[in-house]
Amino acid sequence: MADITFDRVRISYAGKDEPFVAVDGFEAHVRDGEFVTIVGASGCGKSSVLLAADGLLRPSAGQIRIGGQVVAKPGPDRGVVFQDASLLPWRTILANVAFGLEMQGVGKAARLERARHFIELVGLAGREQAHPHQLSGGMRQRVGIARALATDPEVLLMDEPFGALDAQTRELMATELLRIWDLDRKTVLFVTHGIDEAVFLADRVLVMGGSPSRVAEVMEIDLPRPRDAAVRASEAFGKYRAHLAGLLFGADAAAPVTP
Ligand SMILES: Nc1ncnc2c1ncn2[C@@H]1O[C@H](COP(=O)(O)OP(=O)(O)OP(=O)(O)O)[C@@H](O)[C@H]1O
């Protein structure tokens, strides 16, 4: 069971005279196996919330619990993927994906077998011996996802993992991520700037707003899965997208959600 509870979370940073409160009263519950996206204006605190969920940042008030356990530091129950896949440049793709397992003390044969499995899952079979600089940006992000999945975390925390990719690659990666997620439905918290991406991926979208920011609105996305190009082109998808644009950019862009 790996649900995530954000209980009146406040995140503050040291300021010149007094602390700067970026996020306050952040309340949310992500169900076990749910795919939740977070959107909000630049600087509203999306990354801060994700860092706190990973345990790299301690809330100054409130609490984050994963499977009922208070998050105090990073742990093997969480896999993290950032915008920049941050691979180790001197290691092969195989060794990069096996890295987390090595840290966990998994024996060589077992970790290489497992790493190969996840490299295949993200569509990179045959590139095991390549080094990161020999891959495209999209391929490197695939390696980052394989590395996060290889340790079999219950929760995936993803901070704009496709942010640096071109639009077409980004769409492909989103479809690919859903295909993989569908295999064992991990609990996913995914930060994005992309409205289409937020709707396409999510069971629910958390919209952050306010100053300090919190969850200003929760959008339930009732679209069929598996999702593909036809879902993206559907009228219901368009309505969700328009509604979300309205919330983020103003009432003129909004449309009622009646899927
Ligand atoms: N280490 C830090 N020290 C001081 N202030 C910080 C620090 N990190 C973030 N902040 C501030 O906290 C706020 C939230 O930052 P955060 O990076 O979480 O926002 P974000 O929504 O992820 O932004 P973006 O969409 O631009 O990536 C911002 O005002 C930022 O300036």
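Biologist: Where is Glu 160 found?

Modeller: Glu 160 is found in the loop between β7 (155-159) and α5 (167-184). Those element names come from DSSP runs numbered from the N terminus: helices are H or I runs of at least four residues, and strands are E runs of at least two. Keep in mind that this is a predicted model, where local features need pLDDT of at least 70, side-chain atom pairs count only at pLDDT 80 or more, and totals for chains, interfaces and linings use all residues. Residue numbers start from 1 along each chain as its sequence is written.

Biologist: What makes the phi of Glu 160 worth listing?

Modeller: Its sign. Phi of Glu 160 is near 45 degrees, a positive value in a residue other than glycine.

Biologist: Which peptide bond is cis in the loop between β9 and β10?

Modeller: The one joining Ser 211 and Pro 212, with omega at about -5 degrees. Pro 212 sits in the loop between β9 (204-209) and β10 (214-220). There's also a cis bond from Arg 225 to Pro 226, with omega near 0 degrees. Pro 226 has its place in the loop between β10 and α7 (229-232).

Biologist: On to helix packing. Why is α2 described as it is relative to α4?

Modeller: Helix α2 (residues 93-103) packs against helix α4 (residues 137-150) at an angle of about 30 degrees, with their axes 7 Å apart. That angle makes the two roughly parallel. The label goes to angles under 35 degrees, while over 145 is roughly antiparallel, 65 to 115 roughly perpendicular and the rest oblique. The axes are lines fitted to C-alpha atoms, for helices over the stretch in contact, and angles run from 0 to 180 degrees between N-to-C directions.

Biologist: Left-handed or right-handed, that crossing of α2 and α4?

Modeller: Right-handed. By convention, the near helix is turned clockwise from the far one by less than a right angle in a right-handed crossing, and anticlockwise in a left-handed one.

Biologist: Which residues make the contact?

Modeller: From α2, Ile 93, Asn 96, Val 97, Phe 99, Gly 100 and Leu 101; from α4, Val 143, Ala 146, Arg 147 and Ala 150. Being in contact takes C-beta atoms, placed from the backbone, within 7 Å. The residues of this contact divide into seven nonpolar, two polar and one charged. Ala, Val, Leu, Ile, Met, Phe, Trp, Tyr, Cys and Pro count as nonpolar, Asp, Glu, Lys and Arg as charged, and the others, Gly among them, as polar.

Biologist: How do you know how α2 and α3 are oriented to each other?

Modeller: From the angle again. The axes of α2 and helix α3 (residues 108-121) come within 9 Å and cross at roughly 120 degrees. They are therefore oblique to each other, and the crossing is right-handed. Among the α2 residues meeting α3 are Ile 93 and Val 97. That contact has nine nonpolar, no polar and four charged residues.

Biologist: And what makes α3 oblique to α4?

Modeller: The axes of α3 and α4 come within 9 Å and cross at roughly 135 degrees, so α3 counts as oblique to α4. α3 passes α4 in a right-handed crossing. Arg 114, Ala 115, Phe 118, Ile 119 and Leu 121 of α3 make the contact with Ala 146, Leu 149 and Ala 150 of α4. It splits into seven nonpolar, no polar and one charged.

Biologist: Which residues surround the ligand?

Modeller: Tyr 13, Phe 20, Ala 22, Gly 40, Ser 42, Gly 43, Cys 44, Gly 45, Lys 46, Ser 47 and Ser 48 (each with its C-beta atom, placed from the backbone, within 6 Å of the ligand). β2 (20-30) and α1 (46-54) are the elements giving two or more residues to that shell. α1 gives the most, with three residues. By class, the shell has four nonpolar, six polar and one charged residues.

Note on methods
Contact = placed C-beta atoms within 7 Å.
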